[in-house]
Amino acid sequence: MSHHARIEEVSDSEPDDMDPSDFDPQAFAQSMMGPGAQMPAQHEAASAAARNEAEQRERSKHWQVLYPVYFDATRTRAEGRRVGKEQAVPNPLAREIVDGVAALGLSVVFEPGKTHPKDWANPGRVRVLLKEEGKAVSSSVKNKHHLYNLVAAHLKSHPATEETPLRLRIAGLPPPKEMKPPAAPRGWKMNSILPLHSAALSGGGVSENMFKDMMAELQGEQGGAGAGPSGSGAANEPKQKKKDKKKGKA
């Protein structure tokens, strides 16, 4: 059976608390419009696209997954790299991984908004169909490790440049007039070339105190629970105990 490369793009929008494959946008929109009403052509097209997206997501959820960090020369094995140091490249991008997989004749689903937990600044996840009913779909790719090596070779021969992120246009996000390097928080590893929709590029960069501020806010909410308007009940508890002990001695 012959297979042809097929690239599909899946976004992150899906209904909460339900299986996306169970959601029928067209039926929902029709119910909101009332019986007998005709749905505009653009709404029908959007509904069809949403159904197709849900089907793609369900169909590919068990496919092999590839993240840019797997091929990142600046990372260690513990930090997510899955190919040898000599095979890794600087600034790997998910969009280039898609091209490498498609060149092998494999089916691909591209999820531009997904990120690896150890590489938050470089979004993009690639799903690849390697096996079907327990059998390899291509004789040219033996297993996932072989796939890693083949994709790494493609990235080596197609190094990322400052113009590479412009290949992936995001709806509603105009291309920047000037490509500036991302603002890396102190102590964090971050590539110098990132997709335009990276969180590290939005809003002029990322504050190095962002994560400390988030943790402080969360700890403040937890410590202030049930502590009254001042929110300082937990913090003052040890001091109050010391005062009580002194009164007891007196």
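How do the residues of the lining of the largest cavity divide into nonpolar, polar and charged? We will come to that shortly, after a look at the whole chain. Please keep in mind that this is a predicted model.

Let us begin with the overall layout. The protein has 250 residues, and 33% of them are buried. Its secondary structure amounts to six helices and six strands. Starting at the N terminus, you meet these elements in the order β-α-α-β-α-β-β-β-β-α-α-α. Contacts reach across the sequence too: of those between residues at least 6 apart, 63% join residues at least 24 apart. On the outside, the accessible surface is about 15,600 Å², and carbon and sulfur atoms account for 53% of that area.

Now back to the opening question. Rolling a probe the size of a water molecule over the atoms shows where empty space is left. In this structure there is one cavity of 30 Å³ or more, and the volume of the largest cavity is about 80 Å³. To find the largest cavity in the model, look for its lining residues: Leu93, Ala94, Arg95, Phe110, Pro123, Gly124, Thr164, Pro165, Arg167, Leu168, Pro195 and His197. That lining is made up of seven nonpolar, three polar and two charged residues.

Ala94, one of the lining residues, also leads us to a helix, α3, where Ala94 is among the buried residues. Helix α3 is mostly covered, with eight of its nine residues buried. Alongside Ala94, the buried residues of α3 are Glu96, Ile97, Val98, Asp99, Gly100, Val101 and Ala102.

Next, turn to the aromatic rings. A pair of such rings is described by the distance of the centres and the angle of the planes. The count here comes to four aromatic pairs. One of them joins Tyr70 and Tyr148, whose rings are 5.7 Å apart centre to centre, with 70° between the planes, an edge-to-face arrangement. Tyr70 sits in the loop between β2 (64–66) and α3 (94–102) while Tyr148 belongs to helix α4 (residues 144–157), so this pair ties together parts that are 78 residues apart in sequence. Tyr70 and Tyr148 are both buried.

Tyr148 has a further partner in Phe71. The ring centres of Phe71 and Tyr148 are 6.4 Å apart and the planes lie at 80°, so this pair is edge-to-face. Here again distant parts of the chain are linked, since Phe71 is in the loop between β2 and α3, Tyr148 is in helix α4, and 77 residues separate them. Both Phe71 and Tyr148 are buried. Taken together, ring pairs link Tyr67, Tyr70, Phe71 and Tyr148 into a cluster.

Stay with the loop between β2 and α3 a moment longer, for Ala73 has its place there. Setting aside neighbours within four places in sequence, Ala73 is in contact with Lys85, Ala88, Val89 and Pro90. The C-alpha atoms of Ala73 and Glu86 are separated by 8.1 Å, with the two residues 13 apart along the chain.

Our last stop is Asp119, in the loop between β3 (107–111) and β4 (125–128). Is Asp119 buried or exposed? Its relative accessible area is 4%, and the cut-off for a buried residue is under 20%, so Asp119 counts as buried. Apart from neighbours within four places in sequence, the contacts of Asp119 are with Val69 and Arg75.

Conventions: Residues are numbered from 1 along each chain as its sequence is written. This is a predicted model: local features need pLDDT of at least 70, side-chain atom pairs count only at pLDDT 80 or more; totals for chains, interfaces and linings use all residues. Side-chain values use heavy atoms; hydrogens and water are left out. On a 1 Å grid over the protein atoms alone, a cavity is a set of points where a 1.4 Å probe fits but cannot get out, and a pocket is an open set with protein on both sides within 12 Å along at least five of seven lines; lining residues have an atom within 4 Å of a point. Grid points are joined across faces, edges and corners, and a volume is the space filled by probe spheres set on the points. Ala, Val, Leu, Ile, Met, Phe, Trp, Tyr, Cys and Pro count as nonpolar, Asp, Glu, Lys and Arg as charged, and the others, Gly among them, as polar. Rings of Phe, Tyr and Trp (its six-membered ring) pair if their centres lie within 6.5 Å; planes under 30 degrees apart count as stacked, over 60 as edge-to-face and the rest as tilted. Helices (H or I, at least four residues) and strands (E, at least two) are DSSP runs, numbered from the N terminus. Buried means under 20% relative accessible area, exposed over 50%, partly exposed in between (1.4 Å probe, protein chains only). Contact means heavy atoms within 4.5 Å. Accessible areas come from the Shrake-Rupley method with a 1.4 Å probe; for residues, only the protein chains shown count as cover.
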